[in-house]
Amino acid sequence: RSMKPRPLRHLLSLLLTQRKRELDDRYAELTRLASELEKRLSPKVKKDPSSFYSASVGEAEARAFLIEKLAEATQTMDVNLEVQRVTPQDEALFHALVGAVERGVRTRILVRETDIPNILESTVNEAIARTMLPHLGKTLHVRVMEGEQVPFAVVDGEKALLGMKNPVDPSAYLATVFIWDPKFAAELAQ
């Protein structure tokens with residue numbers, strides 16, 4: 001009696017192992033086919049962005065959302081910076097701007113005159129200067145402005161991002177609003 005269950009267990013184990021291998025192979029094949037199909041169809045699918053918008057609420061979430069959208073830029077990026085205080089979390093934002101410039105994205109940055117000392121005192125100012133100055137006048141254009149303006153970014157001429165201040169703490173952001181509207185984005189970028 002003790003001999004029969006052992007071969008049966010062994011046989012079941014072998015069958016399960018074989019079936020798992022077959023399923024893993026099938027899963028890999030389906031994943032490859034789905035990826036291939038997506039690559040073929042994506043350029044042909046026209047997206048209607050006219051009604052798409054979203055928002056990210058909370059200072060850290062709003063910053064992460066802005067950085068994510070800036071990293072998507074492939075052609076152009078227009079950014080109105082407001083840098084009241086530079087925090088370690090802002091380094092990722094500066095790196096997103098540098099990354100876009102280094103990828104060849106035509107980048108226009110508008111900086112408030114009152115924020116220049118804050119940028120110069122930041123821990124990333126040397127890295128920014130070293131990586132961005134060679135692109136100045138080519139794919140990078142920077143203008144200094146006086147006065148106040150709502151912080152914004154326009155990505156690839158059709159996606160607008162608006163920074164919303166926290167009414168309780170005006171030095172912090174409450175949200176980033178994303179509007180995929182080519183007409184509005186073009187007006188904002190002018």
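User: In this predicted model, what makes S3 stand out in the lining of the second largest pocket?
Analyst: S3 gives the most to that lining, three residues. S2, S4 and helix H6 (182-189) are also contributors, each with at least two.

User: How do you know which residues line the second largest pocket?
Analyst: A lining residue needs an atom within 4 Å of a pocket point. Those that line the second largest pocket include Asp78, Arg108, His141, Arg143 and Gln190. The volume there is about 200 Å³.

User: What makes the lining of the largest pocket nonpolar, polar or charged?
Analyst: Residue classes decide it: Val, Ile and Met count as nonpolar, while Asp, Glu, Lys and Arg count as charged. The largest pocket gets 16 nonpolar residues, one polar and no charged, so by class its lining is nonpolar but for one residue. Val111, Ile119, Ile128, Met132 and Val142 lie nearest its centre. For the second largest pocket, the split is six nonpolar, three polar and three charged.

User: Which helix supplies the largest share of the largest pocket's lining?
Analyst: That's H5, with four residues. H3, S3, helix H4 (116-120) and S4 are among the others supplying at least two each, around a space of about 440 Å³.

User: Why are Leu93 and Phe94 in H3 called buried?
Analyst: The cut-off is under 20% relative accessible area. Leu93 and Phe94 are on the buried list for H3, so both fall below that cut-off. The cover over H3's buried residues includes helix H2 (59-71) and strand S2 (76-81).

Conventions. Residues are numbered from 1 along each chain as its sequence is written. This is a predicted model: local features need pLDDT of at least 70, side-chain atom pairs count only at pLDDT 80 or more; totals for chains, interfaces and linings use all residues. Side-chain values use heavy atoms; hydrogens and water are left out. Buried means under 20% relative accessible area, exposed over 50%, partly exposed in between (1.4 Å probe, protein chains only). Contact means heavy atoms within 4.5 Å. On a 1 Å grid over the protein atoms alone, a cavity is a set of points where a 1.4 Å probe fits but cannot get out, and a pocket is an open set with protein on both sides within 12 Å along at least five of seven lines; lining residues have an atom within 4 Å of a point. Grid points are joined across faces, edges and corners, and a volume is the space filled by probe spheres set on the points.
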